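Please open your viewer and get ready to click along. We will go from the fold to the surface, then to the neighbouring chains.

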Amino acid sequence: MAEFLTGYAWPTILIVLEILAIIVPLLVGVAYLTYAERRVLGAIHLRIGPNVVGPWGLLQPLADGLKLATKEPIIPSGSSKVIFLMAPMLTFLLALVAWAVIPFNKGWVLANVNVGVLYLFAISSLGVYGIIMAGWASNSKYAFLGGLRSAAQMVSYEVSIGLVIITVLLCVGSMNLSDIVEAQRKVWFCLPLLPMFVVFFISALAETNRPPFDLPEGESELVGGFNVEYSSMPFALFFLGEYANMILMSGMTSILFLGGWLPPADIAPLNWIPGVVWFALKIAFVLFLFLWVRGTLPRYRYDQLMRLGWKIFLPFSLIWVILTAGFLVAFDLLPNA
Amino acid sequence: MIIQALAFYLFAAVTVLSGAMVITARNPVHSVLFLVLAFFSAAGLFLLIGAEFVAMILVIVYVGAVAVLFLFVVMMLDIDFAELRTGLLRYAPIGALVGIVLLIELVVALVSWKGASEATANLAVPTPPASTTQNAVAIGELIYTHYAYLFQAAGLVLLVAMIGAIALTLRQRPGVRRQKIANQNAVQPADVAEVRKVASRGGI
Amino acid sequence: MTALPDFAPAIPEIVLAVASLALLLVGAFKGDGSTRLVSWLGTAALAVVLVLVWANTGDKALTFGGMFIADRFASFAKCLILIASGITLVISQDYLKLERMDRPEYAVLVLLATLGMLMLVSANDLMSLYLGLELMSLSLYVVAAFRRDAVKSSEAGLKYFVLGALGSGLYLYGASLVYGFTGTTSFTQIATTVGNGPSIGLIAGLVFVMASLAFKVSAVPFHMWTPDVYEGAPTSVTAFFAVAPKIAALCLMVRVLVGPFGPLVDQWQQVVVFISLASMILGSFAAVVQKNIKRLLAYSSIGHVGFALVGLASGTEEGVRGVLAYLAIYLFMNLGTFACVLAMKAGGRMVEDIKDLSGLSRTNPLMALCLAAFMFSMAGVPPLAGFFGKLYVFMAAVHAGLYALSIIGVLASVVAAYYYLRVVKIMYFDEPAEAFDRGQSGVIRFVMAASAVIIAIVIPLALQPMTHAAQAAAATLFLG
């Protein structure tokens with residue numbers, strides 16, 4: 001019995017607590033990301049944004065959540081019910097499980113796996129299923145078109161994301177996310193790999209279906225895209241999943257290019273601040289870029305989107321992979337050679 | 001160990017069951033989704049034997065890219081499976097016959113199976129021990145060093161497939177106007193717009 | 001840093017691969033107008049590679065971890081393949097233009113298919129064999145369907161693809177059984193492992209591998225695709241199909257059976273004897289009723305494969321020498337014949353019926369003479385080259401004690417002679433049909449005449465050097 005307790009029960013409880021410690025702040029973050037989005041967009045538009053519910057409108061996200069949760073979930077009669085309901089759950093679930101490998105600080109990681117980057121990449125490539133299933137199961141042409149657009153878009157941009165990740169891996173020599181952060185002690189990768197950083201950020205916008213690449217849900221043409229038929233909790237799950245994915249992609253950007261939990265320079269006042277705060281600040285910064293782009297850029301046309309992905313980013317990032325590899329080999333800088 | 005065994009049976013059972021569902025599901029979209037599930041649990045099996053790199057690549061390549069395109073095509077095709085199955089009964093005896101003959105051959109071959117004495121030694125050569133090498137490193141070593149020739153040849157095969165697909169399907173339609181972004185960017189306001197003062201009641 | 005592999009033995013292949021990629025770029029950037037340029041550059045590349053192969057001929061050299069072999073046998077086969085590809089590329093240019101399929105990808109695909117064939121005859125591993133085979137076949141599927149607005153061409157491509165994929169599947173199945181038995185895919189190691197005695201699983205694997213190779217050389221009973229594909233594919237493609245891939249696949253069959261499976265000669269000999277017999281008989285009888293010249297040539301090629309396999313069936317060095325000599329002669333006979341078929345143009349379009357040849361001797365005596373020479377040679381009438389090819393393989397079979405095979409083979413070639421001579425009779429004794437268009441391209445006429453001269457005069461006079469080269473090539477396989 002004692003063995004059972006120490007061998008199985010206690011670790012399980014510990015893991016559950018750790019998971020909660022990640023998920024709860026994440027969900028709070030998602031809630032306030034929506035708030036931040038509305039405030040930032042308001043500022044860009046020279047208006048105020050939500051400021052009525054609670055002090056400075058801080059309770060607005062809770063009100064929104066309450067409203068969605070109390071509405072009636074509608075399942076269209078022609079839909080494929082199981083898949084229709086599975087799609088939002090899948091989206092939400094995938095947005096959460098990816099956090100298992102994210103290091104918040106030195107050693108602060110739920111699962112320190114060897115192939116962390118690949119895990120993240122795999123999970124983000126699964127994200128398309130939620131959308132395509134929703135689009136198909138809704139049995140509505142707008143939703144279907146949105147789903148198809150999204151599938152094509154995500155598959156296209158994954159290719160360049162993969163190549164960007166390969167470039168980073170070449171410089172690190174490990175697929176472990178903590179190792180990737182540690183490798184940036186001297187200089188953050190966003191400086192030597194600046195073009196790749198830009199490609200990654202833009203592809204991240206496309207991967208999360210954010211403006212200016214939000215064609216899957218372009219409301220002016222698709223009345224809302226893949227999620228038109230959703231309401232209430234299923235819709236809320238999509239919503240949460242999308243914003244959690246944004247935070248995840250920002251986290252990935254900070255880990256791959258902005259030095260994760262590392263302070264900008266290892267000097268006195270800066271390294272007093274705990275790493276997790278730095279990490280949160282960097283995520284917040286990238287998220288602000290997401291919102292800023294949304295506030296300022298018009299939506300891409302679909303053929304322009306595809307052209308950008310296949311004809312510009314793919315060859316460009318391929319060339320950069322080769323250049324980086326050649327540079328590292330030529331100057332004998334390869335890690336663990 | 002118990003957990004690993006449980007996980008193995010779970011993944012194995014899901015793989016086999018979803019594999020069966022792929023061919024029995026009535027709706028082709030469901031078939032593809034079960035295929036995805038099968039890939040996914042196969043990746044789980046890879047994880048259990050410590051091949052985490054292969055597992056992730058399986059998910060990224062097969063689930064994340066190949067199956068999505070499958071799904072894409074299947075959703076847009078209007079396949080009537082009932083119609084496809086009409087010929088099934090007619091050809092079933094021949095198919096069954098061929099299948100049975102192959103099965104018998106396999107059984108005969110298996111029953112009298114006697115590997116060459118050197119076989120085990122030969123098999124072990126390309127695989128470094130799992131304890132000393134990370135599996136991404138081991139795979140890289142095999143593909144890019146030992147089998148570089150095959151890797152390049154496979155690249156050429158894929159290139160041919162690509163050339164073939166384009167050469168056989170791409171049609172240049174005459175008279176289609178294409179967007180030339182450089183030209184659009186080069187346009188100056190003065191080229192396309194003119195500011196005119198229009199006199200009241202005068203018109204242009 | 002790991003040491004780089006030794007590239008020297010594979011230089012011809014590397015040059016060809018780089019050349020085809022470069023030509024692809026030229027074609028992609030210069031558009032459809034560059035077809036002629038790309039074709040000529042492709043031919044030039046093949047010529048350069050031919051010189052490289054010639055210069056590289058030497059003793060056995062293994063590279064890429066033993067997966068690639070360069071020896072005299074491979075060099076001999078590569079020379080034949082490169083000549084065949086180069087000449088088909090040259091003679092198809094006008095045809096491509098006429099049938100409006102002049103796109104630069106055609107030449108690139110022919111080049112890549114040729115590259116696959118070179119890799120095939122140099123394969124020393126089950127895996128490199130498979131990749132060479134796929135590279136060749138995939139390019140061939142595409143060129144078969146290249147005339148995409150013609151239903152027949154698309155059908156030919158699809159048929160070839162489906163059956164070819166089946167063939168590849170059989171190969172993989174067989175190769176996996178062989179791997180399961182020996183634990184290795186390297187031919188060198190398989191040969192040593194197999195020597196200790198066969199097992200049923202291994203033999204099953206061997207049979208599957210042979211079946212797939214028979215698919216590729218279109219030997220009976222795996223010949224069904226041949227007539228339809230030959231007829232449906234554009235004629236220039238058929239000319240290519242009939243020669244280069246056949247040579248590559250037959251040489252590969254010889255290498256696989258004599259090399260790694262050499263110790264199992266008793267097991268595979270009966271299979272080869274059967275395939276060879278069936279091909280000879282079917283090739284001879286089924287061709288008799290054909291009206292379309294491309295179908296006729298399809299059955300004729302099935303028959304020729306049967307004759308060539310007679311040499312392999314003997315399983316001796318002499319037999320392999322016979323196969324190589326037969327293939328060299330086959331190359332020129334068939335290229336010449338197809339040059340004639342490509343010249344069959346009446347009223348601005350291609351015709352392919354045998355009766356269109358009626359009275360050719362009066363309307364176009366040169367072409368009639370050449371075609372007659374090819375037909376006599378294919379029939380095996382001495383002193384034309386075709387006779388010597390048959391002579392070598394049958395002599396090898398007799399020396400190996402395969403009397404029944406030789407006798408039936410000779411009888412089959414008598415039947416075959418009937419339909420070859422019928423073509424001659426139609427050309428010389430029937431009333432003239434509509435005359436073919438004047439102004440055939442000089443290249444086609446040159447290839448026609450040159451092939452006729454080669455098979456009627458050069459080869460019969462220069463038998464000694466040719467058999468010598470074939471002998472040297474065959475000997476390398478039996479050195480062990």
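Start by selecting chain A and colouring from the N terminus: its elements run α-α-α-α-α-α-α-α-α-α-α-α. That makes 12 helices and 0 strands, where helices (H or I, at least four residues) and strands (E, at least two) are DSSP runs numbered from the N terminus.

A word on the ground rules: this is a predicted model, in which local features need pLDDT of at least 70 and side-chain atom pairs count only at pLDDT 80 or more, while totals for chains, interfaces and linings use all residues. Residues are numbered from 1 along each chain as its sequence is written, chains are lettered from A and ligands numbered from 1 in the order in which they are written, and side-chain values use heavy atoms, leaving out hydrogens and water.

Now show just the C-alpha trace of chain A and turn it around: along its principal axes it spans about 60 × 60 × 45 Å.

Next, colour chain A by burial. Of its 337 residues, 52% are buried, meaning under 20% relative accessible area (1.4 Å probe, protein chains only). Then switch on contacts (heavy atoms within 4.5 Å). Among those in chain A with a separation of 6 or more, 77% join residues 24 or more positions apart.

Finally, bring the other chains into view. Which chains share the most contacts? Of the 2 pairs of chains that touch, chains B and C have the most. Select chains A and C to finish: no contact joins them, and their closest C-alpha atoms lie 8 Å apart.

Technical notes: Buried < 20%, exposed > 50% of the residue type's maximum accessible area, 1.4 Å probe, protein only.
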